[in-house]
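Visitor: I have a structure to read and little practice in reading one. Please take me through it feature by feature.

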There are 2 protein chains.
Amino acid sequence: MKAVVLFSGGLDSTVLSYKLQSENAELKLLSIDYGQRHNCELASGSMIAKSLGVPHTVIKLPMLAALLGGSSLTDNSISLPLGHYAEESMKSTVVPNRNMILLSLAAGHAISLKFDTVAYAAHAGDHTIYPDCRPEFADAMENALSKADWNKINLHRPFVKMNKSDLVKLGIELGVPFEMTWSCYAGGKLHCGKCGTCVERKEAFELIGLSDPTKYKS
Amino acid sequence: MKAVVLFSGGLDSTVLSYKLQSENAELKLLSIDYGQRHNCELASGSMIAKSLGVPHTVIKLPMLAALLGGSSLTDNSISLPLGHYAEESMKSTVVPNRNMILLSLAAGHAISLKFDTVAYAAHAGDHTIYPDCRPEFADAMENALSKADWNKINLHRPFVKMNKSDLVKLGIELGVPFEMTWSCYAGGKLHCGKCGTCVERKEAFELIGLSDPTKYKS
């Protein structure tokens, strides 16, 4: 397999990259700076790519935030909601059509490199507040990607039946440096410990009785 | 209908915009600067949008050319092929996965604006050298777009059974200012008259016995 990995520098896509490398896939990690306020994840991504010894490209698309306005992830004038993903307020973190945009860019890069696969870390814990995290959306994209070029581009998403605790377990087996990964939506130097993604990260370690190496503000 | 129109400033998408306006659709024209050498089409786009009185946004994504390298449309080190589209050499003008990327950006913008439709000017004369101009690809994208958000985004492509001469005829009925539209891949001040898209533009007028108001170098 020759795969472009949609790689944020977060926990999920880091475990995915380690898994694919352990399977001897040829990898290119791709991060997209779409104006997200937590773009410190991109610096985490660079460190992780170095530790993996895999090429990594960061594409800056700062004008995307204007095109896709209205998300608290990209618009600093909208306050970031705290608490669990299930809460109504978390809907403000939706970036319109983000996954289709990221997958289409990764597929274009894969075609350009003559690779055969786009890999991403969709998992069973992905949340129903994000319409573009639904399996039926990913299935439709898999079909579209198979027709985007003369050679089929495969959409590889090996985690769709695993939850975040399963990913932590797998990451430990693979020697993932979790302390390098970045999850927090708020940005800053330390994880805030309060936003949806921090809450979920903590829970993933707690649920399986492991200690999380992340330093949280609270 | 509230539609984001993928709008290049070329003949096809200009006729589409005039047609939709004549049907009283609410429109937002979207042009993407992906590093194409013929970005003079974007200046044409601005003039046409003004003459239509419709809002127009140009999004600059200059790093896309690096991500999607290897096309003569975006890489000035590769010479632009001349002659008819059917020729093998024209394959160098393929930009990997361009249509999926453009449609996904337009859909993100539509969701952000609470619009219901993405419109684009795919037509029966689109060429088989472009895998992402095939109807089966567009059908797959239509399905994916219907699942990208909670509210369905429609993919409107009213020209799929029309050829370029049909578009010229329709444009004349609608009062399209063809002299403002830009087709030539080579860029410059005048249309070159020799590249695939110039050859095709000339033929579209000739086939129906109309004079083309375009000024060609040759």
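Visitor: Which residues in the largest nonpolar core touch the most other members?

Guide: A word first on what you are looking at: this is a predicted model. The largest nonpolar core has 104 residues, and those touching the most other members are A:V5, A:V118, B:V5 and B:V118.

Visitor: What does A:V118 touch, leaving out residues up to four places away in sequence?

Guide: Its contacts of that kind include A:A3, A:V4 and A:L6. A:L103, A:A106, A:A107 and A:A110 are also among them. The rest of the list is A:L145, A:I153, A:L155 and A:H156.

Visitor: How many helices and strands does chain A have?

Guide: Chain A has 7 helices and 5 strands. Read from the N terminus, their order is β-α-β-α-β-α-α-β-α-β-α-α.

Visitor: What share of chain A is buried?

Guide: Of the 218 residues in chain A, 47% are buried. You can also ask how far along the chain the contacting residues lie from each other. Among contacts in chain A with a separation of 6 or more, 69% are between residues 24 or more positions apart.

Visitor: Now a strand. Is strand β1 of chain B mostly covered or mostly uncovered?

Guide: Strand β1(B), residues 2–6, is mostly covered, with 4 of its 5 residues buried.

Visitor: Which strands is β1(B) joined to by bridges?

Guide: One is strand β2 of chain B, residues 26–33; 5 bridges join β1(B) to β2(B), and the two run parallel. In this pairing, B:L6 is opposite B:L30 of β2(B). Another is strand β4 of chain B, residues 117–119, which runs parallel to β1(B) and is joined to it by 3 bridges. There, B:V4 is opposite B:V118 of β4(B).

Visitor: What do β1(B), helix α1 and β2(B) make?

Guide: Together with helix α1 of chain B, residues 11–22, the strands β1(B) and β2(B) make a β-α-β unit, and this unit is right-handed.

Visitor: How are two copies of a chain related?

Guide: In general, a rotation about an axis and a shift along that axis relate two copies of a chain. Here, a turn of 180° with a shift of 0.0 Å along the axis lays chain B on chain A with an RMSD of 0.0 Å. The two copies are therefore related as by a two-fold rotation axis. The same surface serves both copies, and 100% of the contact residues of chain B recur in chain A.

Visitor: How many residues does each chain give to the contact?

Guide: Chain A gives 32 residues and chain B gives 32 residues. On the side of chain B that touches chain A, the elements giving two or more residues are β3 (56–60), α4 (98–113) and α5 (135–145) of chain B. The largest share of that side comes from α4(B), with 9 residues. By class, the side has 18 nonpolar, 8 polar and 6 charged residues.

Visitor: Which residues of chain B does A:G108 touch?

Guide: A:G108 touches B:L67, B:L68, B:P96, B:N97 and B:I101. A:G108 is in helix α4 of chain A, residues 98–113. A:G108 counts as buried because it has 27 C-beta neighbours inside 10 Å. Its C-alpha atom is 9.8 Å from that of A:V4, although the two residues are 104 residues apart along the chain.

Visitor: Is A:K161 buried or exposed?

Guide: A:K161 is exposed, because 9 other C-beta atoms lie within 10 Å. A:K161 is in the loop between β5 (154–156) and α6 (164–174) of chain A. The C-alpha atoms of A:K161 and A:S112 are 30 Å apart, for a separation of 49 residues along the chain.

Visitor: What sign does phi have in most residues other than glycine?

Guide: Most such residues have a negative phi. A:N97 is not a glycine, yet it has a positive phi of about 60°. A:N97 is in the loop between α3 (64–67) and α4 of chain A, and it is buried, with 27 other C-beta atoms within 10 Å. B:N24 is not a glycine either and has a positive phi of about 65°. B:N24 is in the loop between α1 and β2 of chain B. With 8 other C-beta atoms within 10 Å, B:N24 is exposed.

Conventions: Residues numbered from 1 in each chain as written. Chains lettered and ligands numbered in written order. Predicted model: local features only at pLDDT ≥ 70, side-chain atom pairs only at ≥ 80, totals over all residues. Contact = placed C-beta atoms within 7 Å. Nonpolar A, V, L, I, M, F, W, Y, C, P; charged D, E, K, R; others polar. Least-squares fit on C-alpha atoms with pLDDT ≥ 70 in both. Buried ≥ 20, exposed ≤ 12 C-beta atoms within 10 Å, placed from the backbone. Core = buried A, V, L, I, M, F, W, Y, C linked by C-beta atoms within 7 Å. Pairing = 2+ DSSP bridges. Right-handed = clockwise from strand over helix to strand, strands pointing away.
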